[in-house]
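Colleague: I'm new to this one. Could you show it to me and walk me through a few side chains?

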Amino acid sequence: MALLLESVQSPFNVGAIVRTAAALGVGQLYLVGNSASPRNAKAQKTAMGTDRYLDVQTFAELPEAVEKARADGYRLVGLEIASDALPMHEADFSGSVCIAVGNEDRGLSVECLEACDTVTYIPQLGRVGSLNVATAVAVCCYEVRRQEWTAGPEEG
């Protein structure tokens, strides 16, 4: 599993994402645009040095990051509330997937959504329509692993 962060600007969000990624065995972290660095002092307060478990690569432009993720063998799955998005429990996370998440306010760009092989969203029942990006990443990464564990050793 890999993560692509498109302009996730808050160092606290990046730090929390890095810590979740390390806990759930994410290998690659692709940072795009003006995403905060995991080495930022504020990110480190949340990540607590767990960025050492990830291969972090930074890209100025989205196409370069998408190309690299695909070259590394990942299918791109966008995490976004979008018209054609599948509820997360219906999404197929088998194989090598790279979860793409976007900016705290704007989400994923149209360009990124178009580059994704599929788009998924987290169904929510409460009065709030979206989650913090770091929380959403945690839920999605756990779902990827849950599907692997459910599939068993022959399929996962």
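Modeller: Here are some short questions and answers about side-chain pairs. It's a predicted model, so to speak: local features need pLDDT of at least 70, side-chain atom pairs count only at pLDDT 80 or more, and totals for chains, interfaces and linings use all residues. Residues are numbered from 1 along each chain as its sequence is written, and side-chain values use heavy atoms, with hydrogens and water left out.

Colleague: How many salt bridges are there?
Modeller: A salt bridge needs a side-chain nitrogen of Lys or Arg within 4 Å of a carboxyl oxygen of Asp or Glu. By this rule the count is five.

Colleague: Is aspartate 51 buried or exposed?
Modeller: Aspartate 51 forms a salt bridge with arginine 39, the closest N and O atoms being 2.7 Å apart. The two sit 12 residues apart in the chain. Buried means under 20% relative accessible area, exposed over 50%, partly exposed in between (1.4 Å probe, protein chains only). Arginine 39, at 58%, is exposed, but aspartate 51 has 8%, so the word for aspartate 51 is buried.

Colleague: Which residue meets aspartate 117 in a salt bridge?
Modeller: Aspartate 117 is partly exposed at 44%. The N to O distance in the pair is 2.8 Å. The partner lies 47 residues away, and is arginine 70.

Colleague: Which side chain does asparagine 13 join in a polar contact?
Modeller: Asparagine 13 is buried, at 10% relative accessibility. A polar contact is a pair of N or O atoms within 3.5 Å; within protein, one must be able to donate a hydrogen and the other to accept it, and residues adjacent in sequence count only if both atoms are side-chain atoms. Here the distance is 3.0 Å, and the partner is glutamate 104.

Terms used. Helices (H or I, at least four residues) and strands (E, at least two) are DSSP runs, numbered from the N terminus.
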